[in-house]
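Here are my notes on the cysteines and the nonpolar packing. Have the model open while you read.

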Amino acid sequence: MSHDLVTILRPLLTAEASAEAHATGTEPGDLEQAVWLRLLEHLDTDGPPADPQSWLRSAVRSEARRSRRTTMLERPYETEPADDTERTPEHLALAAARGRALRDAVRRLPGRCPSLMTALLSPMDLTYREIAGELGISQGSLGPERSRCLGCLRRLLTPEVAARGARG
């Protein structure tokens with residue numbers, strides 16, 4: 001990405017993301033990161049946008065709508081999740097299958113997401129500082145990166161969960 005394009009768009013993106021984030025229930029940094037990613041994808045396929053400022057405003061609004069839709073579809077548990085203290089062979093087999101599906105989905109994530117999710121799921125219960133040091137990234141970028149990775153993971157697992165639910 002051209003340094004000039006980043007320099008031109010950064011203040012506008014910060015302002016637009018801050019304006020839209022409140023209505024979506026997301027962090028402005030998460031919206032910014034999603035739009036930067038969208039810009040990289042656009043540059044890779046179509047080159048620089050003809051009108052970068054208009055493109056950016058449109059991309060921010062589009063990402064905000066996507067975030068609102070995602071938030072509207074997510075529902076909290078009505079009760080606490082089932083207690084996993086029951087250790088029957090059936091429960092152990094199902095738990096192992098869920099673990100395998102999760103690990104498989106984590107391996108299919110793009111970029112740094114597999115290593116980040118592996119560190120977050122580690123039984124060693126690492127702090128953000130330890131994870132940032134292990135991965136060589138800033139501690140401040142872990143939250144937005146984690147959100148992006150969880151979104152990717154959710155999209156990977158949704159078809160599997162939906163397919164399993166339809167059988168019953």
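1. There is 1 disulfide in the structure, and keep in mind that this is a predicted model. The partners are Cys113 and Cys149, with 2.1 Å between their sulfur atoms. The torsion about the S-S bond is -80 degrees, making the link left-handed. It ties together distant parts of the chain: Cys113 sits in helix H5 (residues 113–120) and Cys149 in helix H7 (residues 142–167), 36 residues apart.

2. Is the bonded pair buried or exposed? Cys113 is buried, at 0% relative accessible area, and Cys149 is buried too, at 0%.

3. Why is Cys152 not bonded to Cys113? The closest cysteine sulfur to that of Cys152 is indeed the one in Cys113, but the two are 5.2 Å apart, so they are too far for a bond; the cut-off used here is 2.5 Å. Cys152 is also buried, with a relative accessible area of 14%.

4. Now the packing. The largest nonpolar core has 15 residues, and Cys149 is one of those with the most contacts inside it, along with Leu109, Leu116, Met117, Ile131, Leu142 and Leu153. Helix H4 (89–107), H5, helix H6 (128–135) and H7 each give two or more residues to this core.

5. Ile131 is a good residue to click on. Leaving out residues up to four places away in sequence, Ile131 touches Leu116, Ala119, Leu120, Leu126 and Leu142.

6. Don't overlook the other core, which lies apart from the largest one. This other core has 12 residues, including Leu12, Leu13, Val35 and Val60.

How values were computed. Residues are numbered from 1 along each chain as its sequence is written. This is a predicted model: local features need pLDDT of at least 70, side-chain atom pairs count only at pLDDT 80 or more; totals for chains, interfaces and linings use all residues. Side-chain values use heavy atoms; hydrogens and water are left out. Helices (H or I, at least four residues) and strands (E, at least two) are DSSP runs, numbered from the N terminus. Buried means under 20% relative accessible area, exposed over 50%, partly exposed in between (1.4 Å probe, protein chains only). A nonpolar core is a set of buried Ala, Val, Leu, Ile, Met, Phe, Trp, Tyr and Cys residues joined through side-chain atoms within 4.5 Å. Contact means heavy atoms within 4.5 Å.
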